[in-house]
Amino acid sequence: MLAMLFRRLGLGAITVWLVSIIIFLGVEMLPGDACTAFLEREAKGKLLENCREDLGLNRPALTRYAEWAKGAVQGDLGVSAKGQKPISELVGYRLRNTLLLASGAMLAGIPLALFLGVVSALWRDRPVDIVVSTLAIFAMTIPEFVSATLLILVFSVWLGWVPGIVLTPANAPLVEFFPEVLLPITVLTLVMTAHILRTVRSSVIEALASEYAQMACLKGVPYWQMVFRHVLPNALLPTINVIALTIAWLLGGVVVIETVFNYPGLGRMMIDSISDRDLPVTQAIALIIATVYVGVNLAADILTMLANPRLRTMHIRKG
Amino acid sequence: MTPSTTFQRPRRIARLGTVFVDIIVRPSGAIGLTLVIAHLVLALIAPFVVPYDFTEMNATLVMAPPSSLHLLGTDHLGRDTLARTLMGGREAILVTGIATPLAVMWGGLVGIFFGLAGGKLDEVLMRIVDAFLSLPWILKMLVLIVTFGTGIEVLIPTLAFFYGIPVIRIARAATHDVVARDFVQAARARGHSKITIIRQELLPNVRDALLVEGAMRWSWMLLAFSSLSFLGFGVSPPTPDWGLMIADARGFMSFSPLGVLAPMVGLSSLIIGINLTADALAKALGIDRAQKAPV
Amino acid sequence: MTHSTMPTGPVISVDNLSIGFRGKAGHMLPVLRNISLDVHQGESIGLVGESGSGKSTLALAMMGYLKTGLRVLNGDVSFEGQKMFSQNRATLESIRGGRLALIPQNSGQSLTPTLRIGAQIQEALKLHSAQPSETFGARVIELLSQVRLPDPASIVERFPHELSGGQQQRVAIAMALAGEPEALLLDEPTTGLDVTTQAHILELLRDLARDTGMAMVYVSHDLGAIARVCDRVAVMYAGEVALEGSARQVLRDPSHPYARGLLASIPKLSDICLPRALDGRPPTPGGAGQGCAFVSRCAIASDVCSRSRPDLALQPSGARSRCHHVDKVHEIPLFGDREVGKRALSDETSLSLKDLAISYVRPSLWSKLAGREDTSVATVEGINFALRRGETLGLVGESGSGKSTILKTIAGLLPPLSGEVAAHGGAPLPSKVEKRDSTELRQIQMIFQNPDESLNPRQTIGQILAQPLTLYFGLSGQALTEKTIQLLDQVRLGGHYIDRLPSQLSGGEKQRVAVARAFAAEPDLVLCDEITSALDVSVQAAVLELLDDLRRQKNTSYVFVSHDLAVVRALSDRVAVLYQGRLCEIGPTRAVYGATSHPYTEVLLGAVLEPDPDFTPELSASDVVELAPPTQGCPFQRRCPKRIGNICDTVAPPIRESGNGHMIWCHIEEL
């Protein structure tokens, strides 16, 4: 089993490495370079040359990639085109803030989704299930910016319970982000919960219909014991991966949310850097997000491996 | 014996008809299909039905409440909200309507090809696809859009390319499933060429999964398109678009909420309609629709 | 073992029970009709029937359990006097798994994957045992030993997927015994298990019944298994009990046309002839009409049979039969009469395999880079045989024998590690099917095991048959249609099948289409991979008859793979016995099935069950499943009851010839 774990870790590392190449190549293949992008119309003559020298763009691609990659592993993400500031510094607080949003959504969303998913599966087609499933469809299909705007309209504009926009600066202590952070976290939670709960529901329904659930019943196992001891452990196994996928998706959805609420996180920074054509920053953020994505998936896979008896024991017999 | 009759199926009716009926019969399918068709019709006839030209600005009637003149009021530039809402889906439907089939086709073909190829090539490709998918969609698209501009000629290929990539995965998985089955092995044993096997054995069986996936792709793409417009990277003004309208109007939500609510209803009803239809389609075709996050 | 101090009424009593479901049109369609049956203490009753007979539904109903969608239409089931369908949940829960226990069909799926074996059995004890909980640990070990599982202490810690099919089944039996049941329900408990494993489990069940005095209800389609275990037998057809009586009455000389037809259609080792096919299909739920359910297939049916449904009437013999014409029932023969005749075989070689070795495991890129030697053992090795035109070679063996693997290699679907496959005594065939030319492809055709899987669900029968016709002969249009109808005729399916989809056909019909498809190519050699295993018993005979017909007409050679020794015996001229991918014995059928045999062949033959209550199988060797062949010496060394010593472990066995091409690979000199 240890071998499998190491293999998985190795694969994760390779994926991150591949991603870094894709990012780097992607940026390279765009017409022009970081300087022409940033300076736009003013990209000519001495200005351009200086910029290129400052950013080290006059060296061959392979060298630049190697340096960038090596630096990234050590925590140094290069300098921004705008103002030559070290990106690692710029990114620090932003990353923290985004993690605040993400963790808030996860802490609220995952337990809620598991609970609602199981409930709607056990009382399938009854009122509870219909209501929950319908709400889930709504939450899943409506774009985040729509639900965000709607929630702002209701809770901020009409009811005035929470502020609709975030005014706290990026480097403020985390505590100061309350209560502004509540609405953004709510929107994220809604969408996350909806996705996860649908999968949990179908997984539990499938497990309930399985032969081993029927056997437990025929063995005289009382209903609730069957649900908790036989059905749920099997049903919840595959949901680990879905939860990971959803967390990963969260990283993308966060961008829109941060823009809507003006929240000073990594997503907003990414949009700004793209608008500013500040490619080094964009590149760096892309790498961070991708690494987190791979990391989360890796954790999910390892968790599954540990939890699934079939994977834990490598003795596979013929039926 | 479970209640499933194997011998009493009716004679073979045109499959399209059966599937269609199966969809309508379910309430979700009926509602969904109605919504989708309504939107498509609206997109076609909107220019002829709108009370006002959507660009016509009336400086005196800025952010007016609903009245007999303007059923839904006006926006911050004095334009009629109803007109803009009715027209708001056209660009989105056009762009995504073209990009979706493109995405499914290119993703499907590549997925099938690599699903058949197998071996090391297949493994390497999937690693690259996985790595690619670990980047947030918005990042990937924005980079391209920002570099090449926001015209339709950029949006359509960009959306088609990026949204085709997850289709590769699905097509590959479906291909793996089908190829393992005996009738494909039987065809191989007979000596049919690979092309023939793809055409006759594979495609008809993979088609259903791709169809459902295509419907879902369309809804994800609409979501992406409207998000892009919202952020200012999609449609350019003065073209009316729901995403853009919401972005514009949200600063004035407290004064005229309709400016935000109307396009919300438009956008949501279309996306929900597509989702419901896709759900009913999946059930009618007997496909277990995997719950996946968009891209 | 405590017996309940009940009066000697029946333990289980089914009283005029009818169960059905609501069909698409809204009517109630019955799955069981007016079943009345009693099971007494200490009695073992067999419920025999094919798919659709309702036997599994009946067994589950005895526990008061109905699958989703089914409802009780009338009647009831009582267990020890208590009506099961009117009990509250708590009572049902205490009875199920306790005094009345079920052993399911597929234990692999019925054991919870995330719980260890010990935990699952302990759960049964916690729910149903009156003993103090401290004793549970020891009791679990005791139970596992009672079902003859070696090393119970380590099994307790394992998860279900770590056990073999036979072991899982034994665990299920142990779990059922934990509650100290008065009665056991067994739903096809040996389906899917190897012949030898099945035989051992049946012995276990017999002994358990004898030792504990439990009543048993044994549901199966396998008459041989039923004969071994049951005192009484009820034959079910279309949801009714068609015949009921003692095992001897029902299995030796049944007094119902269906039962006789069923017996005749089963291949028996003692028969030389092909079994007799039973034409037609059973009616679907609700399709039986007013009269006897069997009327459309019955040889002695008359008008009254179509008009009125016969009652289950007591016969002078003591058996009960649901038939209007019991007196004429002896006109229906119990055996087939078609002998697979001896034809003069030409000397032309149809197929020859030389030193074939096949492996599923390829050395990975890593190992090659590391320069590691390939120490893995080939899945199949040392295969040499030749087949003459018109000859049928049977390949027998249990799971892991490699028989299907060999077929795949002959067909070119799985390239061998080494060795060659040649047809017509000519040059060796390219090992990959993609490289073979049109003639080579056409001459070798394959029929697969599962008819549901081997036909493209999206194509019509016409399209399916058109494929070989267009590929090999370039037929189209009118000529194509005519030839297709001709093919359908040959397999006794009408021309109207052309436009049907596979989902509209029964299993037997689909397999006939598969046969037609293979013969469309006008092949010299047809490879049959367990083609009857997935079919109902009475349908198998039809397919075998068909194969024989086609062979007489076209002089085709067959390589017929099966785990069913009786079927192979009926059809084959020569037989090869495989164990763990190596040849043990090969020779003319009579010789191989005769007295002089390889030890493994003896074990196999000894385990085959005949549908005769007085028949006793001979069990030697254990039923341990081996995963991989040993690296040297005889492949059967670990299980051989006649092992002579170290030489079996180290030296590959020599070939002993006993005339007529009968070869045995064994160290023992006097066999």
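pLDDT is the predictor's confidence in each residue, on a scale from 0 to 100, and since what you have open is a predicted model, colouring by that value is a sensible way to begin.

**Chain A, coloured by confidence**

Select chain A, whose mean pLDDT is 84, with 98% of its residues at 70 or more. Within this chain the confidence is lowest in helix H2 (residues 34–39), where the mean is 74, and highest in helix H9 (residues 211–218), where it is 94. Then pick residues 315–319 of chain A, where the pLDDT falls below 50, although the stretch still has twelve contacts in the model beyond near neighbours in sequence.

**Helices H9 and H10 of chain A**

Keep H9 of chain A on screen and add helix H10 (residues 223–236) of chain A: the axes of the two come within 10 Å and cross at roughly 145°, and the crossing of H9(A) past H10(A) is right-handed. Which residues make the contact? On the side of H9(A) they are A:Tyr212, A:Ala213, A:Ala216 and A:Cys217, and on the side of H10(A) they are A:Met226, A:His230 and A:Val231. Sorted by class, the residues of this contact comprise six nonpolar, one polar and no charged.

**Two single residues in chain A**

Move next to A:Thr199, which sits in helix H8 (residues 182–208) of chain A. Is A:Thr199 buried or exposed? A residue counts as buried when 20 or more other C-beta atoms lie within 10 Å of its own, and A:Thr199, with 22 C-beta neighbours inside 10 Å, is therefore buried. If you draw a distance from its C-alpha atom to that of A:Leu236, the viewer should show a separation of 9.5 Å for two residues that are 37 residues apart along the chain.

Then centre on A:Asn262, in the loop between helix H11 (239–261) and helix H12 (266–275) of chain A. A:Asn262 has a positive phi of about 60° although it is not a glycine, and with 14 other C-beta atoms within 10 Å this residue is partly exposed.

**Where chain A touches chain C**

Show chains A and C together, and select the residues at their interface: 19 residues of chain A are in contact with 31 residues of chain C. On the chain A side, H9, H10 and helix H14 (309–312) each supply at least two residues, and H9(A) gives the most, with five residues. The helix H9 that you have already seen crossing H10(A) thus also belongs to the surface that touches chain C. By class, this side of chain A has eight nonpolar, six polar and five charged residues.

**Chain C as a whole**

Hide the other chains and look at chain C in cartoon form, where there are 24 helices and 23 strands. Its radius of gyration is 27 Å, close to the 26 Å that the globule rule gives for 671 residues, so chain C is as compact as a globular protein of that length. Along the principal axes, the C-alpha trace of chain C spans about 75 × 65 × 45 Å. Buried residues make up 54% of the 671 residues in chain C, and among the contacts in this chain with a separation of 6 or more, 69% join residues 24 or more positions apart.

Zoom in on C:Asn34, which lies in strand S2 (residues 28–39) of chain C. C:Asn34 has a positive phi of about 50° although it is not a glycine, and with 20 C-beta neighbours inside 10 Å it counts as buried.

**Chain B and its side towards chain A**

Finish with chain B, which has eleven helices and zero strands. The C-alpha atoms of chain B fill a box of roughly 80 × 50 × 30 Å along the principal axes, and of its 295 residues 52% count as buried. Of the contacts in chain B with a separation of 6 or more, 73% are between residues 24 or more positions apart.

Bring chain A back into view: how many residues of chain B are in contact with chain A? There are 36 of them, and they meet 41 residues of chain A. The elements of chain B that give two or more residues to this side are helix H5 (119–133), helix H6 (137–148), helix H9 (194–231) and helix H11 (258–285). Coloured by class, the residues on this side of chain B should divide into 23 nonpolar, nine polar and four charged.

Notes:
Residues are numbered from 1 along each chain as its sequence is written. Chains are lettered from A and ligands numbered from 1 in the order in which they are written. This is a predicted model: local features need pLDDT of at least 70, side-chain atom pairs count only at pLDDT 80 or more; totals for chains, interfaces and linings use all residues. Helices (H or I, at least four residues) and strands (E, at least two) are DSSP runs, numbered from the N terminus. Two residues are in contact if their C-beta atoms, placed from the backbone, lie within 7 Å. Ala, Val, Leu, Ile, Met, Phe, Trp, Tyr, Cys and Pro count as nonpolar, Asp, Glu, Lys and Arg as charged, and the others, Gly among them, as polar. The radius of gyration is taken over C-alpha atoms; the globule rule is 2.2 Å times the number of residues to the power 0.38. A residue is buried if 20 or more other C-beta atoms lie within 10 Å of its own, exposed if 12 or fewer, and partly exposed in between; C-beta atoms are placed from the backbone. Axes are lines fitted to C-alpha atoms, for helices over the stretch in contact, and angles run from 0 to 180 degrees between N-to-C directions. A crossing is left-handed if the near helix is turned anticlockwise from the far one by less than a right angle, and right-handed if clockwise.
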